[in-house]
Amino acid sequence: MEPKLGFHELLHVFSFLEARDLLRAAQVDKVWNEVSRTKELWRHLCLRRWSSCTASQMTVGTQTWKEYYLCRSELEFRMERGRPEKDFICKAIAGHTAEIDGLAYISSNLCRFDGQAKSTVCTVSWDCTLRAWDMQEGTEIWSSLPQPAALVNVVALPRLQLAVTVDKRGLIKVWGAEDGRERASFFLPVLSSALQACDHPEGPFLLVACAEGFLFVLTVPQLQLRSRTPVFPGSPARLLCSPGCQWVFAWTQSSELGPKVFHTRSLLCPEEDEPPVSATLPACLTCIACWAPDETARLMVTHRNDNDLQLVVTTYELGVQQSREGADVMVQQVAHFLLPNTRMPPHLMKGHGSQVILLVSWLELALFTIHGVQLAAFQDHQRPIASLWVDQNLVVTASFDLSLRVYVWSKEEKLPALKSCYYLLGGSHRWASIISLGIQTELGKSASARRLPYACRGWWERPARSRSGSPMCASRCS
């Protein structure tokens with residue numbers, strides 16, 4: 001090629017290439033090889049393919065953006081083409097002597113390729129204990145002393161290595177995930193109806209809804225009360241914190257009161273004699289909701305229409321407008337559509353990107369755009385789907401038929417497309433009512449691994465309880 005392109009000209013041309021083309025270009029000559037290894041090119045490819053990727057993730061177990069891209073791509077390739085009969089192992093982990101009532105991942109979602117990845121979960125049970133488990137080895141790490149009452153929920157803050165539990169009396173405790181030591185406690189006046197840990201940029205906090213309809217905001221790990229807000233008097237609330245923790249959505253199914261959205265800052269820093277900044281959405285009789293993961297303030301809500309005859313899925317965009325009188329929540333309806341009357345009401349709902357909604361109704365997993373265009377529908381399970389995990393690469397469903405179904409997002413289609421790949425069988429009807437499942441996948445002979453940020457658990461039929469208590473089932477891909 002005469003005259004030859006300079007380094008910067010080649011860099012500009014290479015910025016339009018895909019990874020496989022860059023690898024081919026690297027074989028042309030020494031100059032092309034040097035340009036094709038440029039950090040900016042591979043960083044751009046990583047951020048375009050994995051929007052949540054950061055520099056701190058890239059440096060865990062890899063030296064360059066190129067190595068990160070190649071390692072993670074191979075990992076996804078292996079997951080997509082996994083062979084259930086050869087690549088996965090199912091282990092039963094027993095220890096609790098009563099029903100398991102909650103599970104939370106303590107290990108982070110970071111991709112690691114240095115062989116040091118760990119998959120650690122905490123579980124709570126009606127045997128009044130909190131236990132930590134190594135899901136790779138299938139062993140118990142530690143167990144708390146028996147507590148005064150049954151533990152009914154657990155959430156985690158992986159960055160701080162903390163677990164938070166609540167018992168059936170309303171006693172909240174913070175635990176160190178590494179050693180199981182109790183750090184702090186707070187007593188609610190009544191039973192908790194919802195518990196959510198939020199890793200806010202200005203400091204982590206805990207959202208707690210109680211059965212009397214109040215919303216508590218507590219600091220972590222000290223569990224100091226920041227605010228106490230009446231939301232639905234006399235009715236237990238459910239909670240969802242937005243991506244980035246800027247918004248809190250609260251709703252109740254036990255009254256006709258409309259759901260509410262709160263601006264997080266007003267809950268963390270309440271002004272004296274001033275209510276928090278909030279708004280009531282025109283979506284009475286809300287059934288279920290989710291946030292769009294690629295947006296900071298896009299909320300999708302499934303609710304009944306005005307005459308209570310049909311289910312509607314409405315998408316809202318939230319914002320805050322400042323004025324002399326204070327701040328006001330701005331709610332804009334972006335889209336809505338009616339669900340067909342022939343479809344059973346969904347009991348699970350997740351978002352993908354900014355435009356796609358996944359709904360689970362009994363045996364069926366269906367994909368819609370926010371405008372109501374049905375993209376796909378799957379009925380791969382023999383019994384109802386109990387839990388759903390969605391991220392930018394995978395969708396995993398867990399069912400009462402004791403199986404997991406793995407789906408992969410297609411990256412070649414203009415519209416999001418989901419491909420059903422394979423299913424994993426695990427468990428036994430002799431086991432207890434909740435089965436907690438985690439997928440662990442390894443890369444290469446060095447056993448470097450990425451723990452998928454996924455824990456599916458569902459209420460299963462209750463057979464006679466065995467002496468070993470309530471086992472868990474961990475599926476592992478090697």
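1. Let us start in the middle of a sheet. Strand β3 is joined to strand β4 (residues 130-134) by five bridges, and the two strands run antiparallel. A pair to look for here is Cys122 and Ala132: Ala132, in β4, is the bridge partner of Cys122. Please keep in mind while you look that this is a predicted model.

2. Now turn to the other neighbour of β3. Strand β2 is linked to β3 (residues 120-125) by five bridges, again in an antiparallel run. Here Cys122 of β3 stands opposite Ala104. So is β2 itself mostly covered or mostly open? Strand β2 (residues 100-105) is mostly covered, for six of its six residues are buried.

3. With these pairs in hand you can trace the whole sheet. This open sheet has four strands in the order β2-β3-β4-β5, with antiparallel pairing. Which strands stand at the edges? They are β2 and β5 (139-143); each has a single partner strand, so one side of each has no neighbour in the sheet. From one strand to the next, the twist averages 30°. A background point may help as you follow the chain: strands of a sheet pair through backbone hydrogen bonds, either parallel or antiparallel.

4. There is another four-stranded open sheet for you to find, and its order is β14-β15-β16-β17, with antiparallel pairing. Its edge strands are β14 (238-241) and β17, each of which pairs on one side only. Neighbouring strands in this sheet are turned against each other by 20° on average, with direction ignored. For a closer look, take β14 and strand β15 (residues 247-251): four bridges join them, and they run antiparallel. Within that pair, Leu240 has Phe249 of β15 as its bridge partner.

5. Next, the helices. Helix α4 (residues 39-49) packs against helix α6 (residues 65-80) at an angle of about 35°, and their axes are 8 Å apart. The crossing of α4 past α6 is left-handed. On the α4 side the contact is made by Lys39, Trp42, Arg43, Leu45, Cys46 and Arg49, while α6 brings Trp65, Lys66, Tyr68, Tyr69, Ser73 and Glu76. What kinds of residue make up this contact? Six are nonpolar, one is polar and five are charged.

6. Let us move to the interior. The largest nonpolar core has 21 residues, and those with the most contacts inside it are Ile172, Phe186, Leu206, Val208, Phe216, Leu218 and Leu223. Several strands each give two or more residues to this core: β6 (151-157), β7 (162-167), β8 (171-176), β9 (182-187), β11 (203-210) and β12 (214-219). Apart from this core lies another, of 18 residues, among them Ala194, Ala209, Val217 and Phe262. As a general rule, nonpolar side chains in soluble globular proteins tend to be buried together.

7. One residue of the largest core deserves a visit of its own. Which residues does Leu218 touch, leaving out those up to four places away in sequence? Leu218 touches Ile172, Phe186, Phe205, Leu206, Val208, Leu223, Gln224 and Leu225.

8. Then there are some backbone details to check. Val220 and Pro221 are joined by a cis peptide bond, with omega about 10°. You will find Pro221 in the loop between β12 and β13 (225-230).

9. Two residues that are not glycine have a positive phi, and both are in loops. Leu285 has a phi of about 55°, and its place is the loop between β17 (278-280) and β18 (286-291). With 31% relative accessibility, Leu285 counts as partly exposed. For Trp362, phi is near 60°, and this residue lies in the loop between β23 (356-361) and β24 (364-369). Trp362 counts as partly exposed as well, at 47% relative accessibility.

10. A last stop is Gln374, which is found in strand β25 (residues 374-378). Is Gln374 buried or partly exposed? Its relative accessible area is 38%, so Gln374 is partly exposed, since buried would need under 20%. Leaving aside neighbours within four places in sequence, Gln374 is in contact with Arg343, Leu367 and Phe368. As for Ile357, it lies 17 residues from Gln374 in sequence, and the two are 9.6 Å apart in space, C-alpha to C-alpha.

Technical notes. Residues are numbered from 1 along each chain as its sequence is written. This is a predicted model: local features need pLDDT of at least 70, side-chain atom pairs count only at pLDDT 80 or more; totals for chains, interfaces and linings use all residues. Side-chain values use heavy atoms; hydrogens and water are left out. A nonpolar core is a set of buried Ala, Val, Leu, Ile, Met, Phe, Trp, Tyr and Cys residues joined through side-chain atoms within 4.5 Å. Buried means under 20% relative accessible area, exposed over 50%, partly exposed in between (1.4 Å probe, protein chains only). Contact means heavy atoms within 4.5 Å. Two strands pair if DSSP finds at least two bridges between them. Axes are lines fitted to C-alpha atoms, for helices over the stretch in contact, and angles run from 0 to 180 degrees between N-to-C directions. A crossing is left-handed if the near helix is turned anticlockwise from the far one by less than a right angle, and right-handed if clockwise. Ala, Val, Leu, Ile, Met, Phe, Trp, Tyr, Cys and Pro count as nonpolar, Asp, Glu, Lys and Arg as charged, and the others, Gly among them, as polar.
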